[in-house]
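Please look over this structure before any modelling work begins. Which local features deserve a check in the coordinates? A short report is given below.

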Amino acid sequence: MKGFPMPFRSLSREPRQQDRPLWDGEVGWATLTHCGPGPVPQAGGPSRPRPPLPRSRFCAFLACLCLWLAGPLHADSASQDELVAKYESLLLVSPDDYQASAAAKAAFEGSLFARFRRAVRNAGSYSYERRGELAYFVSDLGPDSKETDAERRAREAANREFHNLFNQLLPALALAYHTPRTSGRRNPYYQNASVLQLCLAILDYSYSRGLTEDAWLPDHAGNASGDALEQGLVRTAGDLSEISLRLGGYVQGVFLMREALAEAGLLAKYRAVVRNLAVNHGTMYGAFFSVARREAGVSYPDPFPIERQYHLNADGVRLFADYFWPYYLLIDDDLERSGMAAILSQVIETNIAIKPGVYGTIKPDGTGFHHATAYVGAYSPFAFEAFARLLYLLKGTTFYNAENVDALKLALESYRVMVQRFDPSAALRGRLIAGSGEGRSAAISKAIAFMAHPDGMDDLEMKTRFEEFFDAGYFFSDERQSHYYEGQRGLPFRGLGIYRLIAELQAQGIAAAEPPSGTWIKPYAAAGFFRRGDWLVTAKGFSQYFWDYEGPLNARQNNFGQNWAYGSLMVFNAGDPISEKGSGHALFSGWDWYHVPGTTASHYPIEPRRESVVRASRKEQGIKQRDTHRNYNTKTFVGGVSLGDHGLFVQDLEAVPFTAPTDLRARKSYFFVGDKVLALGTHIQGGTQADETHTTLFQTFLEDASFPTQVNGEQLTGLESLIEHTTGTRVKMTDSVGNSYFLAASTAPLVVSRSLQKSLTQDHEETEGAYAQAYLNHGIKPDGDSYQYVVIPADVDAAKLDELASDLSGFYQVLDMSGMHLVRFPQQNLTAYAFYEVVETPAGELIRTVSQSAAVIVQELEGTSPLGQAVAQAAPLRLAASVPDIGWTFENDIVSRGLGYASKHFAFQVAKEHTLTLSLRGTWCPDEAGAPLGIESVHSSGETLLDLRCRDGMSTEVVLQPCATADPVTQQEQATPQPGLRRPFEIRAQDSPFE
């Protein structure tokens, strides 16, 4: 944290100016004097001249100056007026829009007009009684405060009403003032003088309460505010810290009322306020570090690290689009606009991009990050929408390039892979596991629309994806149509112009893309995704790079999420549209939080827990983890490989303590082949001293007790069934939503139950619900348990289950479960290798061994010879391999210190490029067509050593042909390539490193 020079000198308050000049003859641009470190003024105090800068500070100052002067080089080719008009058209509707979009008309008549009416009524009845009293949106007023609990409660209640006034009612009034009538309903507030006066009154009152160009908002939690106060910083304006993420409505209101404010001579005054909310905002400090007031960066390192400059997390990205863009369009000073244009260019280049490490942006596999993880179910979708909105608004400018567009397209396509239809697995929603998914799905559909629309990126792939993903019957239904134009996180209205864009896209008649089908491994999410038709299977793990779950106990958010990343396997296959709840996962109706499907984990009691009690207990038991959530283990073999429609997900599971020490370990692999999932678990051992270890096959909500569960041909109904199948029994099951399960082998008994379960919500409220469960009970401290079972999604009539049971070896054959999971799938001519250890395969297998832990899939392309036989007659092969280890440097403190440490240590680390050497039986030559960069092969003693470059845990694929000759061939003996051509691989002779 930045230090403050002590003692603080109290600075007298200068009269506010409606528009401060950017140029000060004594010190240059006033904003530029804040580039480097220096004395901190009062919060909200005017800028002061600084003492001469030492050499390092002077260099930083020059860098800021160069950035500022570089602004004109990035100036947009579109005029300011065009940019303003485009943004306003996104916020507002025109009379023609009602004709083009029935949804726009329905939105106004069905919900929007009622909101206008309430806003006018509530703004008119507001008391405005605390005029002139500075508003402090913080829990603690500071070390010198004598505020009583009653006074604090009264202040907080008044603050809530005040916040609603300027951030909800003001933008509603501004929208009412600019929204024309429809053919079916008039709008008496359109261009209404009384509405205008209400807007002016709210702005004036808010300014008197401290919402000024000097208001203080260093962070959104209030921690930086409190720390700074303890060090002597004096507030001379409002403190908006704890609502700093929720001020977009105010900014939007000022922008919409800009012309009226200009006519009243007030635009400069409120433009300065909007500038402050963007430029001096702690969450956006990474963008504005060179021009922000010092206290905005109070919680950041000093000097600000170069690798963090212009980086924004998901919160910052949304604020940048909501706060900065309107301010940029309000600027009327050329020099200020040039400087802000340079910042805008840097922010886009830095954030709408593929970046390494865990800092919040888009990762190489397309996942969006926040809190150092793939936050699929929250944060990321809204960041993507903000990215796409900015690119749409910047069409025709030089602020972005093709790489920015490609990065966002990858992110949007990746999101589509990870949801079905609009829900991702709860394991990918962090602490925000509640909600219907409508908000995030709407945000993604808007992002795709911005990328697809001719006024945006006009991208054909996005056009087809929009037609596939967007569901007018869902988004524009009566109960949801208001959600589509609404904003979130402090921006009550995202914009009405989206209806126009949707109508224009639909009018193009573009054919819809096919729904995603296949297998995807997302290493940065520690997850795998398997799709066919309308169903999705999601596997989730965790590692030393990516934490297990998020759920702060005292905040009561996902309090019982400890097991989500222990190999969960969630099937989404039912509902209209297909959803989590429709697929039998009713999380807030009696859900057993510790029987998450797929997981091998301790089964804890479901009971309320307080952070302080858990911490005290852990300390007493010698558990070293500092955090009770967002924990890491020491394993790196989590991820997998995909080859076309098929794939393999692996997890070397190491449990972390929750309420008691644990030494639970397991090796869990999921083979996604054909239309089935083979779940293979071995080396299951350890656990806690008091909790049984269970592997859960399914837990399915029963909407009615008559909904049956099929077990070995017997139809179970009612809620009083508890059947235990002994070790070694093969069991066929079909749950109540149409998924089938075949337990082929297990060293633990299978328990199948139907009962009325009692549970707790994350708020510790009691719930109950009827469920069917099936789990393997490994007992206390198992020692070497294993299992094999098959999941068949959407097998309603169990026909596939019966076929599988009649010929199990026709689907899969387990060849080895010692140091690897080696499985053959005869119908697909496919063999999958999960090398948990560097060991040798059985004789006759194509791959003899590997140089490090890896996931490999091999598929014969043609011919009928099974893999592993007579390689001399073998057909061409497709081979895909990955090294799941991301390869970041790891420190033991990460395990004990949790997210706060790991998010710094891993923040910008580049993934290691591994050279994976596979020893193949026989002589094989890579097919040059499409061969990956850097591939090398060596023939020695009837074997082939194949070197593949593997990075980011992602798959590397190659086609192998039987070599025409077994004679060693070197690169020098090949024909000399033409200038400018690149040899895709090198064949050379050398001794085998495995001998």
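The report covers salt bridges, a surface patch, paired strands and unusual backbone geometry.

## Status of the model

This is a predicted model.

## Salt bridges

How many salt bridges does the structure hold? The count is 46. Three of the pairs are set out in the table, with the N to O distance for each.

| Pair | Distance (N to O) | Accessibility of the basic residue | Accessibility of the acidic residue |
|---|---|---|---|
| Arg 337 and Asp 334 | 3.2 Å | Arg 337, 18% | Asp 334, 56% |
| Lys 409 and Glu 461 | 2.7 Å | Lys 409, 12% | Glu 461, 48% |
| Arg 615 and Glu 611 | 2.8 Å | Arg 615, 37% | Glu 611, 14% |

Take Arg 337 and Asp 334. Their side chains meet in a salt bridge. Both residues belong to helix H13, which spans residues 334-351. They are three residues apart, so about one helical turn separates them. Arg 337 counts as buried at 18% relative accessibility. Asp 334 counts as exposed at 56%.

Arg 615 and Glu 611 also form a salt bridge. These two residues sit in helix H21, residues 611-621. The spacing is four residues, which means about one helical turn. Here Arg 615 is partly exposed, with a relative accessible area of 37%. Glu 611 is buried, with a value of 14%.

The side chains of Lys 409 and Glu 461 make a salt bridge at 2.7 Å. Lys 409 is in helix H15 (residues 402-418) and Glu 461 is in helix H17 (residues 460-469), so the pair ties together parts that are 52 residues apart in sequence. Lys 409 is buried, with a relative accessible area of 12%. Glu 461 is partly exposed at 48%.

Why can such pairs form at all? Side chains of opposite charge can pair when their charged atoms come close.

Some salt bridges are joined into a network. Its members are Glu 413, Arg 416, Arg 421, Arg 465 and Glu 468. Arg 421 from this network returns below under backbone geometry.

## A positive patch

Which residues gather in a patch of positive charge on the surface? They are Arg 117, Arg 118, Arg 121 and Arg 185. Arg 117 lies in helix H4, residues 102-125. Its relative accessible area is 42%, so Arg 117 is partly exposed.

## Strand S14 and its partners

Is strand S14 mostly covered or mostly open? S14 spans residues 693-701, and nine of its nine residues are buried. It is thus mostly covered.

S14 pairs with strand S9, residues 600-602. The two run antiparallel and are joined by three bridges. Thr 600 has Thr 695 in S14 as its bridge partner.

S14 also pairs with strand S21, residues 766-779. This pairing is antiparallel too and has eight bridges. Thr 696 stands opposite Tyr 775 in S21.

One general point helps when reading side chains here. In a regular strand the side chains alternate between the two faces of the sheet.

## Backbone geometry

Most residues other than glycine have a negative phi, and most peptide bonds are trans. The sites below depart from that pattern.

Two cis peptide bonds come up here. One joins Gln 420 and Arg 421, with omega about -15 degrees. Arg 421 is in the loop between H15 and helix H16 (438-452). Arg 421 is also a member of the salt-bridge network. The other cis bond joins Asp 576 and Pro 577, with omega about -5 degrees. Pro 577 is in the loop between strand S8 (568-572) and S9.

Positive phi values come next. Ala 526 has phi near 50 degrees, and Ala 526 is not glycine. Ala 526 is in the loop between strand S5 (518-522) and strand S6 (527-532). With a relative accessible area of 1%, Ala 526 is buried.

Asp 952 has phi near 60 degrees, again a positive value in a residue other than glycine. Asp 952 is found in the loop between strand S32 (943-950) and strand S33 (956-962). At 13% relative accessibility, Asp 952 counts as buried.

Notes: Residues are numbered from 1 along each chain as its sequence is written. This is a predicted model: local features need pLDDT of at least 70, side-chain atom pairs count only at pLDDT 80 or more; totals for chains, interfaces and linings use all residues. Side-chain values use heavy atoms; hydrogens and water are left out. Patches are made of residues with over 30% relative accessible area and no salt bridge: like charges are joined within 9 Å, nonpolar side chains (Val, Leu, Ile, Met, Phe, Trp, Tyr) within 5 Å. Accessible areas come from the Shrake-Rupley method with a 1.4 Å probe; for residues, only the protein chains shown count as cover. A salt bridge is a side-chain nitrogen of Lys or Arg within 4 Å of a carboxyl oxygen of Asp or Glu. Lys and Arg count as positive and Asp and Glu as negative; His and the chain ends are not counted. The place of a charge is taken as NZ of Lys, CZ of Arg, CG of Asp or CD of Glu. Buried means under 20% relative accessible area, exposed over 50%, partly exposed in between (1.4 Å probe, protein chains only). Two strands pair if DSSP finds at least two bridges between them.
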